[in-house]
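Dear colleague,

I am handing over a structure that you have not worked with before, and the sequence and coordinates are shown just below. My notes on what was found follow after them.

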Amino acid sequence: MSLFQVNGLNKKYVSGEVTTPVLKNVKLEIEKGEFVTILGPSGSGKTTLLNVLSGLDHEYSGEIQYNEQNFSKLTEKQLGEYRRQDVSLVFQQYYLLPTLTVHENTQVGKYLTSEQLSISTILEQVGLLEHKDKYPNQLSGGQKQRTAIARAIVKSPKIIFCDEPTGALDIENSKMVIQLLLELNKKNGVTIIMVTHHEAFSLLANRVIRMKDGKIEEVNITTSPLSIDEIEW
């Protein structure tokens, strides 16, 4: 079943008399429960598309259907509810609160929803239970990103939007983060939509969207993506 159906999506930035098109007549479909990668060179519109679908950016033209509702006609309050209940975001930067422990940073995500998931269970799932009382400056980059993912999943989202989640990590930590996202997708049914420059990640995805100059250049769908151990890093 379709999660998103996008038709004729256009987005531009205006600065004085200068208008810069960023998304140009984008058309795409994303199914529930898919692992989606969005690839393309810098400036191709990947992050802008992510921001629009996640509800962070709502100044655009065109039509977006989300769960067969007209997403483009949601009010500010409805968009806020969508972001609070349905969506979590993971960025290249971790955005952890430096004065809070791993447990407390994860708890921040729990306050955003009525879901009552166990923080200890989530921290065990991401391999951080033994580090729950540490502060961000006591963690490695991979541990920080896994804390950010714990904060994202504790609210039990339907979709996790990821913008270059491994961009600041080495290979081993990148593998751990991507494996965690794959497990959330396969075991929990969470739709993962990930912007990345890493070409190998396309081999892990059900749907691969390639962008260039603000347009969808190609969409590839596979029913048999590779496992993380089968790709070359």
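Strand 6 gives the most to the lining of the largest pocket, contributing four residues, and please keep in mind throughout that this is a predicted model. The residues that line this pocket include Val87, Ser88, Leu89 and Phe91, and also Tyr95, Val108, Gly109, Leu112, Arg151, Ala152 and Lys155. Besides strand 6 (87-91), the elements that give two or more residues to the lining are helix 3 (102-110) and helix 5 (141-153). Sorted by class, the lining of the largest pocket holds seven nonpolar residues, two polar ones and two charged ones, and the space inside the pocket comes to about 220 Å³.

Strand 6 also belongs to an open sheet of six strands, whose order is 6-7-8-3-9-10 and whose pairing is mixed. Strand 6 and strand 10 (215-221) are the edge strands, each of them pairing on one side only, and neighbouring strands of the sheet are turned against each other by 15° on average, with direction ignored.

Within this sheet, strand 3 (residues 35-39) and strand 9 (residues 207-212) run parallel and are joined by four bridges; valine 36, for instance, has arginine 207 in strand 9 as its bridge partner. Helix 6 (residues 171-188) packs on the sheet, where it touches strand 3, strand 7 (159-163) and strand 8 (191-195), and the direction of helix 6 makes about 150° with that of strand 8.

With kind regards

Methods: Residues are numbered from 1 along each chain as its sequence is written. This is a predicted model: local features need pLDDT of at least 70, side-chain atom pairs count only at pLDDT 80 or more; totals for chains, interfaces and linings use all residues. Side-chain values use heavy atoms; hydrogens and water are left out. On a 1 Å grid over the protein atoms alone, a cavity is a set of points where a 1.4 Å probe fits but cannot get out, and a pocket is an open set with protein on both sides within 12 Å along at least five of seven lines; lining residues have an atom within 4 Å of a point. Grid points are joined across faces, edges and corners, and a volume is the space filled by probe spheres set on the points. Ala, Val, Leu, Ile, Met, Phe, Trp, Tyr, Cys and Pro count as nonpolar, Asp, Glu, Lys and Arg as charged, and the others, Gly among them, as polar. Two strands pair if DSSP finds at least two bridges between them. Axes are lines fitted to C-alpha atoms, for helices over the stretch in contact, and angles run from 0 to 180 degrees between N-to-C directions. Contact means heavy atoms within 4.5 Å.
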